[in-house]
Amino acid sequence: MGNDSRALAVMPSELATKERQRDPYPWFREMRAEGPVRYDETRGTYDVFHYDEVVEMTVEYERFGKEGTSFLDGAWMSRDPPIHTELRSMAENYFRSSYVQENYGPAVEKHVEALVDDAVARDGSFDFVEEVAKPLPILVIAEILGVPGEKMDMFRDWSTSLIGAPSEPTEEAKQAVQERMMAAIDSLYDFFHDAIERREETPKDDLITKFVQAEKEYDRIERENTVACCGMLLVAGNVTTTAYMTSALWTFIEEDTIPELQGETIPLGDALEEVLRYRTPVMPQKRITQRDTELGGVEIPEGELVAGWLSSANRDEDAFERPGQFDPTQTYHEDPIPFGKGIHYCLGAPLANLEAETLFDELLDRIEGASLATDAIEPYFSPEIYGAAELPVTLQT
Ligand code: HEM
(Lines give C-alpha, C1' and ligand atoms only; values in the text may rest on other atoms or scores of the structure.)
Protein backbone atom coordinates (compact mmCIF):
# COMPACT_ATOMS: atom_id res chain seq x y z
CA MET A 1 0.00 0.00 0.00
CA GLY A 2 1.44 3.36 -0.96
CA ASN A 3 1.95 6.22 1.40
CA ASP A 4 3.12 8.89 -0.98
CA SER A 5 1.47 11.99 0.41
CA ARG A 6 0.95 13.20 -3.15
CA ALA A 7 -1.83 10.64 -3.39
CA LEU A 8 -3.76 13.07 -1.20
CA ALA A 9 -5.74 15.66 -3.13
CA VAL A 10 -5.15 18.99 -1.49
CA MET A 11 -7.77 21.68 -2.01
CA PRO A 12 -6.53 24.80 -3.87
CA SER A 13 -7.08 27.64 -1.38
CA GLU A 14 -9.23 29.41 -3.99
CA LEU A 15 -11.77 26.57 -3.86
CA ALA A 16 -11.83 26.23 -0.08
CA THR A 17 -15.05 28.13 0.59
CA LYS A 18 -18.64 26.98 0.41
CA GLU A 19 -19.48 29.52 -2.29
CA ARG A 20 -16.62 28.35 -4.50
CA GLN A 21 -17.49 24.70 -3.91
CA ARG A 22 -21.06 25.42 -4.96
CA ASP A 23 -19.93 27.43 -7.98
CA PRO A 24 -16.24 26.96 -8.84
CA TYR A 25 -16.83 27.95 -12.48
CA PRO A 26 -16.04 31.70 -12.25
CA TRP A 27 -12.68 30.78 -10.71
CA PHE A 28 -11.95 28.25 -13.45
CA ARG A 29 -12.82 30.93 -16.01
CA GLU A 30 -10.40 33.38 -14.36
CA MET A 31 -7.67 30.76 -14.37
CA ARG A 32 -8.28 29.88 -18.04
CA ALA A 33 -7.93 33.56 -18.90
CA GLU A 34 -4.51 33.61 -17.21
CA GLY A 35 -3.18 30.61 -19.15
CA PRO A 36 -3.39 26.86 -19.58
CA VAL A 37 -1.09 25.87 -16.69
CA ARG A 38 -0.09 27.46 -13.37
CA TYR A 39 2.15 26.29 -10.52
CA ASP A 40 0.65 26.43 -7.02
CA GLU A 41 3.54 26.59 -4.59
CA THR A 42 1.42 25.95 -1.48
CA ARG A 43 0.26 22.57 -2.77
CA GLY A 44 3.35 21.81 -4.85
CA THR A 45 1.04 21.15 -7.80
CA TYR A 46 0.84 22.21 -11.45
CA ASP A 47 -2.82 22.95 -12.27
CA VAL A 48 -4.03 22.56 -15.85
CA PHE A 49 -7.17 24.45 -16.91
CA HIS A 50 -7.45 24.42 -20.72
CA TYR A 51 -9.19 21.61 -22.61
CA ASP A 52 -6.30 20.93 -25.02
CA GLU A 53 -3.68 20.63 -22.29
CA VAL A 54 -5.93 18.52 -20.03
CA VAL A 55 -6.42 16.14 -22.96
CA GLU A 56 -2.66 16.18 -23.67
CA MET A 57 -1.65 15.22 -20.13
CA THR A 58 -4.37 12.56 -20.05
CA VAL A 59 -3.47 10.74 -23.23
CA GLU A 60 0.32 11.14 -23.03
CA TYR A 61 0.72 8.48 -20.37
CA GLU A 62 4.45 8.03 -20.93
CA ARG A 63 5.10 11.65 -19.94
CA PHE A 64 2.35 11.86 -17.32
CA GLY A 65 2.13 8.69 -15.22
CA LYS A 66 -0.40 7.58 -12.60
CA GLU A 67 1.92 5.60 -10.32
CA GLY A 68 1.84 7.15 -6.83
CA THR A 69 -1.32 9.19 -7.37
CA SER A 70 -3.63 7.03 -5.26
CA PHE A 71 -3.48 5.08 -2.03
CA LEU A 72 -5.10 2.07 -3.73
CA ASP A 73 -1.79 1.43 -5.43
CA GLY A 74 -2.29 -2.26 -6.26
CA ALA A 75 -5.25 -1.41 -8.48
CA TRP A 76 -4.86 -0.44 -12.12
CA MET A 77 -6.34 3.00 -11.57
CA SER A 78 -3.02 4.01 -10.02
CA ARG A 79 -0.64 2.04 -12.24
CA ASP A 80 1.07 2.57 -15.58
CA PRO A 81 1.58 0.04 -18.39
CA PRO A 82 2.50 -2.78 -18.61
CA ILE A 83 0.75 -3.85 -15.39
CA HIS A 84 -2.07 -1.36 -15.97
CA THR A 85 -2.85 -3.13 -19.25
CA GLU A 86 -3.01 -6.58 -17.64
CA LEU A 87 -5.06 -5.50 -14.66
CA ARG A 88 -7.49 -3.53 -16.76
CA SER A 89 -7.96 -6.35 -19.26
CA MET A 90 -8.85 -8.68 -16.37
CA ALA A 91 -11.99 -6.59 -15.84
CA GLU A 92 -12.60 -4.91 -19.18
CA ASN A 93 -14.88 -7.56 -20.66
CA TYR A 94 -17.22 -7.27 -17.67
CA PHE A 95 -17.68 -3.53 -18.08
CA ARG A 96 -18.29 -3.16 -21.82
CA SER A 97 -21.52 -1.43 -22.69
CA SER A 98 -23.34 -4.45 -24.17
CA TYR A 99 -22.22 -6.75 -21.34
CA VAL A 100 -23.26 -4.21 -18.73
CA GLN A 101 -26.75 -3.75 -20.21
CA GLU A 102 -27.40 -7.44 -20.61
CA ASN A 103 -25.93 -8.68 -17.36
CA TYR A 104 -26.42 -5.85 -14.88
CA GLY A 105 -29.57 -4.32 -16.38
CA PRO A 106 -31.97 -6.49 -14.34
CA ALA A 107 -30.19 -5.68 -11.03
CA VAL A 108 -30.21 -1.96 -11.85
CA GLU A 109 -33.93 -2.07 -12.70
CA LYS A 110 -34.78 -3.96 -9.51
CA HIS A 111 -33.00 -1.44 -7.27
CA VAL A 112 -34.31 1.56 -9.25
CA GLU A 113 -37.91 0.36 -8.94
CA ALA A 114 -37.65 -0.16 -5.19
CA LEU A 115 -36.02 3.25 -4.61
CA VAL A 116 -38.47 5.10 -6.88
CA ASP A 117 -41.44 3.31 -5.24
CA ASP A 118 -40.28 4.68 -1.88
CA ALA A 119 -39.53 8.13 -3.28
CA VAL A 120 -42.92 8.69 -4.93
CA ALA A 121 -44.73 7.41 -1.85
CA ARG A 122 -43.24 10.17 0.29
CA ASP A 123 -45.37 13.09 1.44
CA GLY A 124 -43.50 16.38 1.38
CA SER A 125 -39.83 16.90 0.83
CA PHE A 126 -36.98 14.43 1.22
CA ASP A 127 -33.25 14.32 0.54
CA PHE A 128 -32.76 12.81 -2.93
CA VAL A 129 -29.07 12.19 -2.17
CA GLU A 130 -29.64 10.13 0.96
CA GLU A 131 -32.71 8.26 -0.25
CA VAL A 132 -31.92 7.56 -3.91
CA ALA A 133 -28.59 8.75 -5.34
CA LYS A 134 -26.37 7.30 -2.59
CA PRO A 135 -27.89 3.82 -2.20
CA LEU A 136 -28.31 3.00 -5.92
CA PRO A 137 -24.65 2.73 -7.03
CA ILE A 138 -23.62 0.91 -3.84
CA LEU A 139 -26.42 -1.65 -4.08
CA VAL A 140 -25.64 -2.29 -7.75
CA ILE A 141 -21.86 -2.69 -7.45
CA ALA A 142 -22.26 -4.83 -4.31
CA GLU A 143 -24.52 -7.17 -6.27
CA ILE A 144 -22.12 -7.30 -9.23
CA LEU A 145 -19.14 -8.08 -7.04
CA GLY A 146 -21.16 -10.52 -4.96
CA VAL A 147 -20.84 -8.81 -1.58
CA PRO A 148 -23.77 -8.23 0.77
CA GLY A 149 -25.78 -5.08 0.06
CA GLU A 150 -26.70 -4.83 3.77
CA LYS A 151 -23.14 -3.70 4.43
CA MET A 152 -23.95 -0.58 2.43
CA ASP A 153 -23.16 1.83 5.30
CA MET A 154 -19.72 0.35 5.75
CA PHE A 155 -18.98 0.49 1.99
CA ARG A 156 -20.16 4.07 1.89
CA ASP A 157 -17.87 5.02 4.81
CA TRP A 158 -14.91 3.50 2.99
CA SER A 159 -15.81 5.33 -0.22
CA THR A 160 -16.08 8.72 1.47
CA SER A 161 -12.90 8.21 3.55
CA LEU A 162 -10.98 7.44 0.37
CA ILE A 163 -11.84 10.72 -1.27
CA GLY A 164 -11.42 12.75 1.92
CA ALA A 165 -9.24 15.80 1.73
CA PRO A 166 -7.57 18.09 4.23
CA SER A 167 -9.46 21.33 4.62
CA GLU A 168 -6.18 23.24 4.96
CA PRO A 169 -2.65 22.57 3.68
CA THR A 170 -1.12 21.86 7.13
CA GLU A 171 0.79 18.69 8.00
CA GLU A 172 -1.67 17.91 10.86
CA ALA A 173 -4.70 18.15 8.60
CA LYS A 174 -3.02 15.97 5.97
CA GLN A 175 -1.98 13.43 8.59
CA ALA A 176 -5.50 13.12 9.98
CA VAL A 177 -7.04 12.54 6.54
CA GLN A 178 -4.28 10.13 5.57
CA GLU A 179 -4.82 8.08 8.73
CA ARG A 180 -8.54 7.80 7.99
CA MET A 181 -7.78 6.68 4.44
CA MET A 182 -5.27 4.08 5.57
CA ALA A 183 -7.76 2.68 8.09
CA ALA A 184 -10.42 2.47 5.36
CA ILE A 185 -7.98 0.72 3.01
CA ASP A 186 -6.97 -1.77 5.71
CA SER A 187 -10.62 -2.71 6.33
CA LEU A 188 -11.36 -2.84 2.61
CA TYR A 189 -8.38 -5.12 1.95
CA ASP A 190 -9.20 -7.44 4.89
CA PHE A 191 -12.77 -7.70 3.65
CA PHE A 192 -11.78 -8.64 0.09
CA HIS A 193 -8.90 -10.96 1.13
CA ASP A 194 -11.45 -12.91 3.04
CA ALA A 195 -14.09 -12.84 0.26
CA ILE A 196 -11.51 -13.98 -2.33
CA GLU A 197 -10.35 -16.89 -0.19
CA ARG A 198 -13.95 -18.00 0.22
CA ARG A 199 -14.49 -17.86 -3.57
CA GLU A 200 -11.44 -20.10 -4.07
CA GLU A 201 -13.12 -22.73 -1.93
CA THR A 202 -16.65 -22.13 -3.22
CA PRO A 203 -16.86 -20.32 -6.59
CA LYS A 204 -19.98 -18.24 -7.23
CA ASP A 205 -21.50 -16.47 -10.21
CA ASP A 206 -20.01 -13.08 -9.38
CA LEU A 207 -17.19 -10.76 -10.36
CA ILE A 208 -14.92 -11.71 -7.46
CA THR A 209 -14.95 -15.33 -8.66
CA LYS A 210 -14.20 -14.20 -12.23
CA PHE A 211 -11.21 -12.17 -10.96
CA VAL A 212 -9.90 -15.11 -8.90
CA GLN A 213 -10.02 -17.30 -12.01
CA ALA A 214 -8.44 -14.61 -14.23
CA GLU A 215 -5.62 -13.91 -11.73
CA LYS A 216 -3.90 -17.19 -12.67
CA GLU A 217 -3.83 -16.32 -16.38
CA TYR A 218 -1.72 -13.20 -16.04
CA ASP A 219 2.02 -13.17 -15.21
CA ARG A 220 2.16 -9.88 -13.38
CA ILE A 221 -1.00 -10.10 -11.31
CA GLU A 222 -0.53 -10.98 -7.63
CA ARG A 223 -3.21 -11.61 -5.03
CA GLU A 224 -2.64 -8.08 -3.67
CA ASN A 225 -3.63 -6.66 -7.05
CA THR A 226 -6.85 -8.66 -7.19
CA VAL A 227 -7.73 -7.49 -3.69
CA ALA A 228 -7.01 -3.86 -4.59
CA CYS A 229 -9.00 -4.09 -7.84
CA CYS A 230 -12.08 -5.41 -6.03
CA GLY A 231 -11.70 -2.62 -3.49
CA MET A 232 -11.29 -0.04 -6.22
CA LEU A 233 -14.43 -1.19 -8.03
CA LEU A 234 -16.41 -1.04 -4.81
CA VAL A 235 -15.42 2.55 -4.08
CA ALA A 236 -14.62 4.16 -7.48
CA GLY A 237 -18.17 4.42 -8.71
CA ASN A 238 -20.02 5.37 -5.56
CA VAL A 239 -19.44 8.98 -4.74
CA THR A 240 -19.01 9.77 -8.45
CA THR A 241 -22.29 8.22 -9.61
CA THR A 242 -24.12 9.71 -6.61
CA ALA A 243 -22.84 13.16 -7.61
CA TYR A 244 -23.86 12.52 -11.25
CA MET A 245 -27.45 11.53 -10.46
CA THR A 246 -27.83 14.32 -7.91
CA SER A 247 -26.54 16.92 -10.36
CA ALA A 248 -28.91 15.55 -12.99
CA LEU A 249 -32.04 16.10 -10.90
CA TRP A 250 -30.74 19.43 -9.56
CA THR A 251 -30.06 20.66 -13.13
CA PHE A 252 -33.31 19.31 -14.62
CA ILE A 253 -35.29 21.19 -11.94
CA GLU A 254 -33.22 24.36 -12.12
CA GLU A 255 -33.31 24.50 -15.94
CA ASP A 256 -36.95 23.34 -16.16
CA THR A 257 -36.03 20.43 -18.42
CA ILE A 258 -38.44 17.88 -16.89
CA PRO A 259 -41.42 18.67 -19.18
CA GLU A 260 -39.22 18.37 -22.27
CA LEU A 261 -37.76 15.10 -21.06
CA GLN A 262 -41.23 13.76 -20.32
CA GLY A 263 -42.50 14.93 -23.72
CA GLU A 264 -39.38 13.41 -25.29
CA THR A 265 -38.56 16.62 -27.14
CA ILE A 266 -35.15 16.27 -25.50
CA PRO A 267 -33.70 12.74 -25.40
CA LEU A 268 -32.79 11.69 -21.85
CA GLY A 269 -29.38 10.42 -23.00
CA ASP A 270 -28.48 13.86 -24.42
CA ALA A 271 -29.59 15.63 -21.26
CA LEU A 272 -27.55 13.30 -19.03
CA GLU A 273 -24.49 13.72 -21.22
CA GLU A 274 -24.86 17.48 -20.94
CA VAL A 275 -25.13 17.21 -17.13
CA LEU A 276 -21.76 15.43 -17.12
CA ARG A 277 -20.21 18.31 -19.07
CA TYR A 278 -21.99 21.13 -17.26
CA ARG A 279 -21.55 19.74 -13.73
CA THR A 280 -18.62 17.38 -14.17
CA PRO A 281 -18.56 15.06 -11.12
CA VAL A 282 -14.80 14.32 -10.95
CA MET A 283 -13.13 17.74 -10.88
CA PRO A 284 -9.39 16.97 -11.28
CA GLN A 285 -7.37 13.99 -12.37
CA LYS A 286 -3.82 13.59 -11.15
CA ARG A 287 -0.58 12.59 -12.84
CA ILE A 288 3.14 12.65 -12.02
CA THR A 289 5.64 13.77 -14.66
CA GLN A 290 7.89 10.90 -15.74
CA ARG A 291 10.59 13.19 -17.13
CA ASP A 292 11.30 16.90 -17.55
CA THR A 293 8.62 18.08 -19.89
CA GLU A 294 6.63 21.04 -21.16
CA LEU A 295 2.88 21.61 -21.10
CA GLY A 296 1.06 24.69 -22.37
CA GLY A 297 4.36 26.58 -22.56
CA VAL A 298 5.29 25.77 -18.93
CA GLU A 299 8.41 23.72 -18.14
CA ILE A 300 7.64 20.98 -15.61
CA PRO A 301 10.47 18.99 -14.03
CA GLU A 302 10.32 15.19 -13.61
CA GLY A 303 8.46 13.87 -10.56
CA GLU A 304 6.01 16.76 -10.21
CA LEU A 305 2.33 16.44 -9.42
CA VAL A 306 -0.01 17.70 -12.14
CA ALA A 307 -3.77 18.19 -11.66
CA GLY A 308 -5.83 18.35 -14.84
CA TRP A 309 -9.15 20.04 -14.09
CA LEU A 310 -11.82 18.20 -16.07
CA SER A 311 -14.42 20.60 -14.68
CA SER A 312 -12.57 23.50 -16.24
CA ALA A 313 -11.75 21.70 -19.51
CA ASN A 314 -15.45 20.91 -20.02
CA ARG A 315 -16.27 24.61 -19.76
CA ASP A 316 -13.40 25.88 -21.90
CA GLU A 317 -14.69 28.58 -24.27
CA ASP A 318 -12.09 27.53 -26.89
CA ALA A 319 -13.55 24.02 -27.02
CA PHE A 320 -17.27 24.64 -26.52
CA GLU A 321 -19.70 27.32 -27.60
CA ARG A 322 -21.71 28.79 -24.71
CA PRO A 323 -19.99 26.46 -22.20
CA GLY A 324 -21.65 28.16 -19.21
CA GLN A 325 -25.12 27.19 -20.44
CA PHE A 326 -26.85 23.89 -19.85
CA ASP A 327 -28.06 23.03 -23.34
CA PRO A 328 -28.69 19.37 -24.22
CA THR A 329 -29.45 20.33 -27.83
CA GLN A 330 -25.94 21.69 -28.51
CA THR A 331 -23.62 19.79 -30.81
CA TYR A 332 -20.02 20.20 -29.83
CA HIS A 333 -17.00 20.07 -32.08
CA GLU A 334 -14.96 18.64 -29.19
CA ASP A 335 -15.96 15.73 -26.96
CA PRO A 336 -16.52 16.62 -23.32
CA ILE A 337 -14.23 14.54 -21.08
CA PRO A 338 -16.09 13.84 -17.79
CA PHE A 339 -14.82 10.24 -17.79
CA GLY A 340 -11.24 11.12 -18.73
CA LYS A 341 -9.64 9.91 -21.95
CA GLY A 342 -7.04 7.47 -23.20
CA ILE A 343 -5.84 4.36 -21.40
CA HIS A 344 -7.39 5.38 -18.06
CA TYR A 345 -10.81 6.22 -19.52
CA CYS A 346 -13.38 5.38 -16.86
CA LEU A 347 -14.10 1.68 -16.87
CA GLY A 348 -17.43 2.23 -15.12
CA ALA A 349 -18.84 4.81 -17.57
CA PRO A 350 -21.36 2.40 -19.18
CA LEU A 351 -22.53 1.27 -15.74
CA ALA A 352 -22.89 4.83 -14.41
CA ASN A 353 -24.86 5.78 -17.53
CA LEU A 354 -27.08 2.71 -17.30
CA GLU A 355 -27.90 3.55 -13.67
CA ALA A 356 -28.68 7.18 -14.43
CA GLU A 357 -30.77 6.39 -17.52
CA THR A 358 -32.76 3.66 -15.76
CA LEU A 359 -33.35 5.89 -12.75
CA PHE A 360 -34.57 8.93 -14.68
CA ASP A 361 -36.61 6.84 -17.13
CA GLU A 362 -38.51 5.41 -14.20
CA LEU A 363 -38.70 8.54 -12.06
CA LEU A 364 -39.88 10.87 -14.83
CA ASP A 365 -42.50 8.35 -15.80
CA ARG A 366 -43.90 8.29 -12.29
CA ILE A 367 -44.02 12.01 -11.46
CA GLU A 368 -45.78 15.10 -12.76
CA GLY A 369 -42.87 17.31 -11.80
CA ALA A 370 -40.31 18.09 -9.10
CA SER A 371 -39.13 21.15 -7.19
CA LEU A 372 -36.24 22.03 -4.94
CA ALA A 373 -37.14 22.35 -1.28
CA THR A 374 -34.24 24.70 -0.51
CA ASP A 375 -32.79 27.96 -1.84
CA ALA A 376 -29.26 27.11 -0.80
CA ILE A 377 -27.68 23.93 -2.13
CA GLU A 378 -25.16 22.47 0.29
CA PRO A 379 -22.05 21.62 -1.78
CA TYR A 380 -20.10 18.38 -1.50
CA PHE A 381 -16.98 19.86 0.07
CA SER A 382 -14.07 18.19 -1.71
CA PRO A 383 -11.23 19.02 -4.09
CA GLU A 384 -12.09 15.89 -6.09
CA ILE A 385 -15.86 15.74 -6.41
CA TYR A 386 -18.31 18.37 -7.57
CA GLY A 387 -21.93 18.05 -6.53
CA ALA A 388 -24.57 18.67 -3.89
CA ALA A 389 -24.13 17.07 -0.47
CA GLU A 390 -27.90 17.17 0.02
CA LEU A 391 -30.74 17.76 -2.42
CA PRO A 392 -34.03 18.34 -0.61
CA VAL A 393 -36.78 17.94 -3.23
CA THR A 394 -40.55 17.59 -3.44
CA LEU A 395 -42.02 15.33 -6.09
CA GLN A 396 -45.42 16.09 -7.63
CA THR A 397 -47.10 12.76 -8.35
C1 HEM B 1 -20.54 9.38 -13.18
C2 HEM B 1 -19.81 8.50 -12.58
C3 HEM B 1 -18.33 8.39 -12.80
C4 HEM B 1 -17.43 9.38 -13.17
C5 HEM B 1 -17.71 10.84 -13.43
C6 HEM B 1 -16.13 8.75 -13.26
C7 HEM B 1 -14.98 9.40 -13.64
C8 HEM B 1 -13.79 8.79 -13.88
C9 HEM B 1 -12.62 9.44 -14.42
C10 HEM B 1 -12.52 10.93 -14.76
C11 HEM B 1 -11.65 8.52 -14.56
C12 HEM B 1 -10.26 8.75 -15.13
C13 HEM B 1 -9.28 9.11 -14.05
C14 HEM B 1 -7.91 9.43 -14.62
O15 HEM B 1 -7.67 9.34 -15.84
O16 HEM B 1 -7.06 9.80 -13.80
C17 HEM B 1 -12.18 7.26 -14.08
C18 HEM B 1 -11.48 6.10 -14.04
C19 HEM B 1 -12.01 4.93 -13.53
N20 HEM B 1 -13.30 4.72 -13.11
FE21 HEM B 1 -14.81 6.03 -13.12
N22 HEM B 1 -16.27 7.42 -12.93
C23 HEM B 1 -17.59 7.16 -12.67
C24 HEM B 1 -18.16 5.95 -12.34
C25 HEM B 1 -17.46 4.79 -12.21
C26 HEM B 1 -18.03 3.51 -11.88
C27 HEM B 1 -19.53 3.23 -11.67
C28 HEM B 1 -17.00 2.62 -11.80
C29 HEM B 1 -16.98 1.16 -11.48
C30 HEM B 1 -17.97 0.42 -11.17
C31 HEM B 1 -15.78 3.33 -12.13
C32 HEM B 1 -14.53 2.77 -12.20
C33 HEM B 1 -13.41 3.40 -12.70
C34 HEM B 1 -12.13 2.75 -12.85
C35 HEM B 1 -11.81 1.31 -12.51
C36 HEM B 1 -11.25 3.70 -13.37
C37 HEM B 1 -9.77 3.50 -13.70
C38 HEM B 1 -9.58 3.21 -15.13
C39 HEM B 1 -8.11 3.04 -15.48
O40 HEM B 1 -7.23 3.59 -14.79
O41 HEM B 1 -7.82 2.31 -16.44
N42 HEM B 1 -16.10 4.64 -12.37
N43 HEM B 1 -13.49 7.44 -13.69
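This is a guided tour of a predicted model, going from its sheets to the ligand and then to a few single residues.

**The five-stranded sheet**

Begin by selecting the five strands that form an open sheet, which follow one another in the order S1-S2-S8-S5-S3 with mixed pairing. At the edges you will find strand S1 (37-40) and strand S3 (64-65), each of which has a single partner strand, so one side of each is left without a neighbour in the sheet. Strands of a sheet pair through backbone hydrogen bonds, either parallel or antiparallel, and both senses can be followed here from S8.

Select strand S2 (residues 45-48) together with strand S8 (residues 305-309): the two run parallel and are joined by four bridges. To find the register, look for Asp47, which stands opposite Ala307 in S8. Then add strand S5 (residues 284-289), which pairs with S8 in the antiparallel sense over five bridges; here Ile288 has Leu305 of S8 as its bridge partner.

Now keep S8 alone and show its side chains. In a regular strand the side chains alternate between the two faces of the sheet. Along S8, Leu305, Ala307 and Trp309 point one way, while Val306 and Gly308 point the other way, and all of them are buried. The strand is thus mostly covered, with five of its five residues buried.

**Helix H3 against the sheet**

Next select helix H3 (residues 51-59), whose buried residues are Tyr51, Glu53, Val54, Val55, Met57 and Thr58. Displaying what surrounds these residues shows that they pack against S2, S3, S5 and S8, and also against strand S6 (293-295) and H15.

**The ligand and its iron atom**

Move to the ligand and centre the view on its iron atom, which has a single donor from the protein, the SG atom of Cys346, 2.3 Å away. If you trace the backbone around Cys346, you will see that this residue sits in the loop between helix H15 (310-313) and helix H16 (349-366).

Widen the selection to the shell, where 29 residues surround the ligand and Lys66, Arg88, Arg287, His344 and Cys346 come nearest. By residue class, the shell divides into 18 nonpolar, eight polar and three charged residues. At least two shell residues come from each of helix H4 (83-92), helix H11 (223-236), helix H12 (238-254), S5 and H16, and H12 gives the most, with three residues.

Which atoms should be picked out around the oxygen atoms of the ligand? Three pairs can be displayed in turn:

- In the side chain of Arg287, an N or O atom is 2.7 Å from an oxygen atom of the ligand.
- A polar side-chain atom of Gln285 lies 3.1 Å from an oxygen atom of the ligand.
- At Ile343 the atom to select is a backbone N or O atom, 3.4 Å from an oxygen atom of the ligand.

**Two helix residues**

Is Ser247 buried or exposed? Select Ser247, which has its place in helix H12, and turn on the surface: Ser247 has a relative accessible area of 1%, and is therefore buried, the cut-off being under 20%. Leaving aside residues up to four places away in sequence, Ser247 touches Val275, Arg279 and Gly387.

From there go to Glu224, which is found in helix H11. With a relative accessible area of 43%, Glu224 falls between the limits of 20% and 50% and so counts as partly exposed. Again leaving aside residues up to four places away in sequence, Glu224 touches Tyr189 and His193, and the side chains of Glu224 and His193 are joined by a polar contact of 3.1 Å. For a sense of scale, draw a line from the C-alpha atom of Glu224 to that of Lys286, 62 residues apart along the chain: the separation is 23 Å.

**The three-stranded sheet**

Finish with the open sheet of three strands, arranged in the order S4-S10-S9 with antiparallel pairing. The edge strands here are strand S4 (126-127) and strand S9 (369-372), and each pairs on one side only. Select S9 with strand S10 (residues 392-396), which pair in the antiparallel sense over four bridges, and use Ala370 as the marker, since its bridge partner in S10 is Leu395.

Conventions: Residues numbered from 1 in each chain as written. Predicted model: local features only at pLDDT ≥ 70, side-chain atom pairs only at ≥ 80, totals over all residues. Heavy atoms only, no water. Pairing = 2+ DSSP bridges. Donors = N, O, S within 2.8 Å, 3.2 Å for Na, K, Ca; no water. Buried < 20%, exposed > 50% of the residue type's maximum accessible area, 1.4 Å probe, protein only. Near = heavy atom within 4 Å. Polar contact = N/O pair within 3.5 Å; in protein donor to acceptor, adjacent residues only side chain to side chain. Nonpolar A, V, L, I, M, F, W, Y, C, P; charged D, E, K, R; others polar. Contact = heavy atoms within 4.5 Å.
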